[in-house]
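I wanted to look up two things here: the pockets, and the aromatic rings. My notes follow.

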Amino acid sequence: MTPADLSRCVVRAVRCAVADGELAAGAAVPERVVVERTRPGGVGDYATPVAFQVAKAARCAPRDVADVLARRLGAEPGIERVEVTGAGFLNFVLPAPSAAAVITDVIVRDIAIRDVRGGAAHVVPADESGLGLRERVVRRSVLRLLCVQGGVADGTLLDSPAGAPVAPVAKRDGDVVARYGADAACWAMLAVPARETPSFSDALLHQGEANEFFRVRYAHARSRALVRNAHQLGFHQEPGEVDDAPALLRLLADHPLVLEAAAHHRAPERLVRSLVELADALLDFQYRVLPQGDEKPSAAHRARLALAEAAGTVLAGGLALLGMDAPERL
């Protein structure tokens, strides 16, 4: 079971508990459940507060709802353990993700992201009059995230598209697009929550590891270079199990949850943080992808190459959702 499967599995558990009379007939069954990585020091790998959503209509305590769902979900194949904590949080432990399954999921999801990217004109709000630069940037990014999640059908956002008041670019920073370029300026504007004032400095222009924006684009470029170099060595990527990249695999498996949470909370900065983590994991992994010295390309090299390519695909898709390009060479 992937983390994205877990979200759907929780929805199904709520629906079945209502149908079987374990929860009140009037209990609301959410269309989508946000499952997120457990914070450091928390219980398990993933957690969801879904019991709090259901409890009010079910006319019982969230803890009671969570206990019902935990019993059902604990019997699901692919879930190692379910635990209820606090007033009713559900916490899950999942087995290590399968590289082949993760790569397949990346390919399927990339199709949806490319559809949004290709139809960019349809995900720009019709009326942006009176909006400041940063509000436009945040608004458009949130709209792309919602479109990928299927939450917006016609490119229209209702209410506040950013989910919170948007702090503008400080006057002291002047024309940040002219100074730093559109993509780097957008990165800075989206890297912090909308309510916080973004920070700009010449570090945005520095092509080095201290610049997170550069690291993300560089990691994407490295993934493309690995594919080109492998082809020159006479082998291609082929999905298979990879046992020496647990951090990279887990980040790729978690990416659908990141997109869901970023859309649900209307918080592009969540995607920014995830892309930085993924880029760093890929840059650490890159040295194990191609054969070294007299090594001959093997099934392990083909599997690692497929994983590196998938990571690059996720980085490119994430940058596109933020409104930025992903160059193949830097």
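Before I list what lines a pocket, I note that helices (at least four residues) and strands (at least two) are DSSP runs, numbered from the N terminus. The model is a predicted one.

Entry 1, second largest pocket. I found that helix H1 (3-19), helix H4 (99-118) and H9 each supply at least two residues of its lining. The space in this pocket is about 360 Å³. Of its 15 lining residues, Ala4, Arg8, Gln149, Pro256 and Glu260 lie nearest the centre. I sorted the lining into seven nonpolar, two polar and six charged residues.

Entry 2, largest pocket. I noted a volume of about 1200 Å³. It has 34 lining residues, and Val35, Glu36, Arg37, Ala261 and Arg270 are the closest to its centre. Which element gives the most to this lining? It is H9, with nine residues. The lining divides into 13 nonpolar, 10 polar and 11 charged residues. I also looked up Arg37 on its own: Arg37 lies over the face of Tyr46, 4.7 Å from the ring centre.

Entry 3, aromatic pairs. I counted four. Why is the pair of Phe52 and Phe89 called tilted? The ring centres are 5.0 Å apart and the planes stand at 50°, so the pair is tilted. Phe52 is in helix H2 and Phe89 in strand E4, so this pair ties together parts 37 residues apart in sequence. Phe52 is partly exposed at 34% relative accessibility, and Phe89 is partly exposed at 37%. Trp187 and Phe213 make another tilted pair, at 5.4 Å and 40°. Are these two buried or exposed? Both Trp187 and Phe213 are buried.

Technical notes
Residues are numbered from 1 along each chain as its sequence is written. This is a predicted model: local features need pLDDT of at least 70, side-chain atom pairs count only at pLDDT 80 or more; totals for chains, interfaces and linings use all residues. Side-chain values use heavy atoms; hydrogens and water are left out. On a 1 Å grid over the protein atoms alone, a cavity is a set of points where a 1.4 Å probe fits but cannot get out, and a pocket is an open set with protein on both sides within 12 Å along at least five of seven lines; lining residues have an atom within 4 Å of a point. Grid points are joined across faces, edges and corners, and a volume is the space filled by probe spheres set on the points. Ala, Val, Leu, Ile, Met, Phe, Trp, Tyr, Cys and Pro count as nonpolar, Asp, Glu, Lys and Arg as charged, and the others, Gly among them, as polar. Rings of Phe, Tyr and Trp (its six-membered ring) pair if their centres lie within 6.5 Å; planes under 30 degrees apart count as stacked, over 60 as edge-to-face and the rest as tilted. Buried means under 20% relative accessible area, exposed over 50%, partly exposed in between (1.4 Å probe, protein chains only). A charge sits over a ring if NZ of Lys or CZ of Arg is within 6 Å of the ring centre and within 35 degrees of the ring normal.
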